[in-house]
Amino acid sequence: MSLMDECNMNSSSTVRTAAQGLTLTSCFLSVLGTITIITTYIVWRDIRSVARSLLVFLSISDFLVATSNAMGTIYDEGNSTDSFCKAQSAVTTFSNLCSFFWTVIIALHITISLVFRKPAVARRLVPLYHVIAWMVPAAIVIAAICKNVLGHAQSQYTLRWCWIRDDGVRVHDMDMWMLVTGKGWEVSAYFVTVVLYLIIKVYVWIDSRSQHSSISTAQEAAIVQRINRKMTFVPIVFICLRIWGTIRFFLSETGHQCKASHPALVILQGIGDSGQGWANCIMFCFLTERVRVHMSRACLTCLCCRCICDATTEEQQPLNINGNDNGLKSIYSRVDDSIHIEHSLQDTGKV
């Protein structure tokens, strides 16, 4: 009996069923979350910005991640054909890479706009963002397809969905392709996002305590406090969701295959790898006041069946949550509400 067979015997059918059920639940919630982010961007114009549009592109990537993971979970290795497995592996690899790139790009965009006070420069970089976030993953996937390395994967690396095939590929080449098609970029995204958001947090903290700071009221201080919390939660949530698959990968690479197949790690990877969509929805919709107010109004309109006249009158009222939107206060309120930082610098004007 092989080592993998012994490890697989430690996982009961109940654990596998629980892992599949929780993974599918996370996938379903992420699909709903990404649709919510995209819909709010389309419906309400006052939350649209370049930075928010980047979040939409991240949501498109997360939507593909959730759907491909769900398909790989439903049609696992035992039931999927080789062609289906290769297709699912290609979509999963592409969407995960796109998600990593867009996550880093959003952090970079906020850093350029807020810390370096160059929102116009950040906006001009948007075409380059798209080239990097879509074309680089596509090139990697095409190379993997040409090398015929996509297919059925060992279960200690994934949760039953396909990735890098473990038959007909040398161990050294398999490790290299797993780094190139996912784990190398994933670990890099951990470090880059943490560094960028730390830079943002330090900048906000220093500026709020500067003698020349324009933060002079309790309301402005509350805005800064909300930004600090969000700048803390974004990288923490991203890492907490994705770290379990990374842990399993390095455990397997260091010869601890049985530990990598531990039921807790398997379940957490299934939830986390598919969970960025619903996590971003919570942070940037439900925990963002401007969007939350819009959603609350829409829900009340549907539930209470308001007349069209009342609804139209309500929509015409200006939404001014944070008071006067100028100077540094505007920067902070826009970052907190839909990441509207590129509209916020008084010295550069409206971009």
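**Long-range links in a helical model**

Among contacts between residues at least 6 apart in sequence, 74% join residues at least 24 apart. This is a predicted model. The protein has 351 residues, and 48% of them count as buried. Its secondary structure consists of 14 helices and two strands. About 16400 Å² of the protein is exposed, with carbon and sulfur atoms supplying 66% of that area.

Begin with the cysteines. The structure holds one disulfide. Its partners are Cys85 and Cys162, whose sulfur atoms lie 1.7 Å apart. The cut-off for such a pair is 2.5 Å, so a separation of 1.7 Å qualifies. The angle about the S-S bond is -115°, and the link of Cys85 and Cys162 is left-handed. Where do the two ends of this pair sit in the chain? Cys85 belongs to helix H4, which covers residues 82–115. Cys162 is in the loop between strand S1 (150–151) and strand S2 (163–164). The two cysteines are 77 residues apart, and the pair links distant parts of the chain.

Are the ends of the disulfide buried or exposed? Cys85 has 0% relative accessibility, so it counts as buried. Cys162 is at 1% and is buried as well. The limit for buried is under 20%. Two further cysteines can be set beside them. Cys98 is buried, because its relative accessibility is 1%. Cys299 has a relative accessible area of 45% and is therefore partly exposed. That label covers the range between the 20% limit and the 50% limit.

Next come the aromatic rings. The structure holds six aromatic pairs. One of them joins Phe101 and Trp185. Their ring centres are 5.0 Å apart and their planes meet at 50°. Why is this pair called tilted? An angle under 30 degrees would count as stacked and one over 60 as edge-to-face, so 50° falls to the remaining class. Phe101 lies in helix H4, while Trp185 lies in helix H7 (residues 171–208). The pair therefore ties together parts that are 84 residues apart in sequence. Helix H4 also carries Cys85 of the disulfide. The two rings differ in burial class: Phe101 is buried at 12% relative accessibility, whereas Trp185 is partly exposed at 33%.

Phe249 and Phe250 form another aromatic pair. Here the centres are 5.2 Å apart and the planes stand at 80°, an edge-to-face arrangement. Phe249 has a relative accessible area of 3%, so it is buried. Phe250 reaches 42% and so counts as partly exposed. Rings can also gather in a group. Phe57, Phe94, Trp102 and Trp134 form one aromatic cluster.

Finally, turn to the surface. Which residues make the nonpolar patch of about 340 Å²? They are Leu24, Met71, Ile74 and Tyr75. Leu24 is placed in helix H2, which spans residues 13–43. With 31% relative accessibility, Leu24 counts as partly exposed. Patch residues need over 30%, so Leu24 at 31% passes that cut-off.

Conventions: Residues numbered from 1 in each chain as written. Predicted model: local features only at pLDDT ≥ 70, side-chain atom pairs only at ≥ 80, totals over all residues. Heavy atoms only, no water. Helix = DSSP H or I, 4+ residues; strand = E, 2+ residues; numbered from the N terminus. Buried < 20%, exposed > 50% of the residue type's maximum accessible area, 1.4 Å probe, protein only. Patch = residues over 30% accessible without salt bridge, like charges linked within 9 Å, V, L, I, M, F, W, Y side chains within 5 Å. Areas by Shrake-Rupley, 256 points an atom, 1.4 Å probe, with all protein chains shown as cover. Salt bridge = Lys/Arg side-chain N within 4 Å of Asp/Glu carboxyl O. Contact = heavy atoms within 4.5 Å. Phe/Tyr/Trp six-rings, centres within 6.5 Å; stacked < 30°, edge-to-face > 60°.
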